[in-house]
Amino acid sequence: MAKYAVKRVALGFLTLFIVATLTFFLMQAVPGGPFVAEKAMSAEAIAAQEAKYGLDKPLHVQYWNYMKNAAHFDFGQCIKQQGRSVAEIITTKFPASAKLALCAVAVALCVGIPVGCIAAYHRGKWLDNCIILFATCGIAVPSFVTATLLLYFLSSKLQLLPSIGLDGPLNYIMPVIALAFYPTAYIARLMRSSLLDVMGQDYMRTAKAKGVSGFKTLFKHALRNAILPVVTYVGPMLAQLLTGSFVVEKIFTVPGLGREFVSAISNRDYTMIMGTTIFLASLVIIANVLVDILYKFIDPRIKLK
């Protein structure tokens with residue numbers, strides 16, 4: 001277990017290095033710069049600003065300096081927000097995004113797993129067909145469409161829920177639903193298909209032959225083995241919710257990291273783009289490593305090498 005964890009952590013650092021390197025050079029390859037859009041600035045002022053942030057140096061020197069500072073958790077100063085560091089902005093803005101993502105994960109798991117189990121238990125019946133229809137719609141509809149529909153009906157027309165910010169519990173309802181709709185539907189379908197496969201195994205038929213009720217065999221014997229594909233999906237799901245929340249945050253005016261990331265791309269804020277990319281990539285890698293290790297505790301038969 002320890003050897004496997006060390007190996008995965010080492011691979012995680014390598015992956016993070018590759019992501020940071022690709023992001024840096026692809027970002028620099030795009031025409032333009034953070035000061036080009038500033039029409040009021042003279043050529044001398046732009047040159048002074050580039051010298052201030054080290055953008056006047058050769059590309060390989062910029063890369064070396066940035067990676068050296070990033071290794072010490074110094075992501076530099078934000079170009080567009082004078083006097084604020086990238087680390088300070090991430091620390092301030094990320095909690096709002098994390099709350100939304102974690103609430104969406106909890107909703108997706110707490111709703112998707114039972115719904116998938118119910119669909120498998122009632123296979124071929126009207127309830128199963130309704131759940132499949134719901135899951136298909138949830139997978140097909142993007143989160144920004146769901147967010148727009150919720151905003152139009154629940155906030156604009158019916159005026160039941162607030163549409164801006166995260167000032168109270170009611171403010172979380174629409175953004176969380178918009179984020180959790182797709183993963184809930186996907187987990188429901190994944191859980192249903194996995195359970196149906198497990199229920200066809202020999203040990204399940206033996207349990208039924210011994211007189212164990214279908215409901216008990218489903219939730220006591222089959223669920224533990226059938227849930228492994230869902231655990232596999234948790235890592236990518238977390239990554240999807242953290243990055244997918246950017247558009248949802250923009251729609252509901254949530255003061256999270258997503259708005260800063262989108263603004264950084266629009267403004268060519270190089271340090272902010274690099275800092276948020278490295279930070280989010282680190283979260284994705286950590287989530288995937290934890291999920292892989294969690295396999296061992298769910299199914300002791302799995303060997304981690």
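## Exercises on a predicted helical model

Leu14 is partly exposed, with a relative accessible area of 46%. Keep in mind that this is a predicted model. Let's work through some exercises.

**Exercise 1.** Find where Leu14 sits and which nonpolar surface patch includes this residue.

*Solution.*
- Start with the helix: Leu14 belongs to helix H1, which covers residues 2-29.
- Next, check the surface. Partly exposed covers the range between 20% and 50% relative accessible area, so Leu14 fits at 46%.
- Now look for the patch. Leu14 joins Leu11, Phe17, Ile18, Leu22 and Leu26 in a nonpolar surface patch of about 580 Å².

**Exercise 2.** Decide how the rings of Phe24 and Phe25 are arranged, and say whether each residue is buried or exposed to some degree.

*Solution.*
- Begin with distance: the ring centres are 5.3 Å apart, and a pair needs centres within 6.5 Å.
- Then take the angle. The planes stand at 85°, and over 60 degrees counts as edge-to-face. So this pair is edge-to-face.
- Now turn to exposure, where under 20% relative accessible area means buried. Phe24 has 4%, so Phe24 is buried.
- Phe25 has 36%, so Phe25 is partly exposed.
- Zoom out a bit: searching the whole structure gives nine aromatic pairs. Ring pairs also tie Phe24 and Phe25 into a cluster with Tyr63 and Tyr66.

**Exercise 3.** Work out which residues touch the most other members of the largest nonpolar core, then follow the contacts of Tyr66.

*Solution.*
- The largest nonpolar core holds 69 residues, and Tyr66 and Met191 are the ones that touch the most other members.
- Which helix gives the most to this core? That's helix H4 (residues 86-121), with 14 residues.
- For Tyr66, skip the neighbours within four places in sequence. What's left is contact with Phe24, Phe75, Thr271, Met274, Gly275 and Ile278.
- Notice that Phe24 turns up again: Phe24 and Tyr66 are both in the ring cluster.

**Exercise 4.** Describe the whole protein chain: its elements, its buried share, its contacts and its surface.

*Solution.*
- Count the elements: there are twelve helices and zero strands.
- Then go for burial. Of the 305 residues in the chain, 41% are buried.
- Now the contacts with a separation of 6 or more: 75% of them are between residues 24 or more positions apart.
- Finish with the surface. The accessible surface of the chain is about 16,500 Å², and carbon and sulfur atoms account for 68% of that.

Technical notes. Residues are numbered from 1 along each chain as its sequence is written. This is a predicted model: local features need pLDDT of at least 70, side-chain atom pairs count only at pLDDT 80 or more; totals for chains, interfaces and linings use all residues. Side-chain values use heavy atoms; hydrogens and water are left out. Rings of Phe, Tyr and Trp (its six-membered ring) pair if their centres lie within 6.5 Å; planes under 30 degrees apart count as stacked, over 60 as edge-to-face and the rest as tilted. Buried means under 20% relative accessible area, exposed over 50%, partly exposed in between (1.4 Å probe, protein chains only). Patches are made of residues with over 30% relative accessible area and no salt bridge: like charges are joined within 9 Å, nonpolar side chains (Val, Leu, Ile, Met, Phe, Trp, Tyr) within 5 Å. Accessible areas come from the Shrake-Rupley method with a 1.4 Å probe; for residues, only the protein chains shown count as cover. A salt bridge is a side-chain nitrogen of Lys or Arg within 4 Å of a carboxyl oxygen of Asp or Glu. Helices (H or I, at least four residues) and strands (E, at least two) are DSSP runs, numbered from the N terminus. A nonpolar core is a set of buried Ala, Val, Leu, Ile, Met, Phe, Trp, Tyr and Cys residues joined through side-chain atoms within 4.5 Å. Contact means heavy atoms within 4.5 Å.
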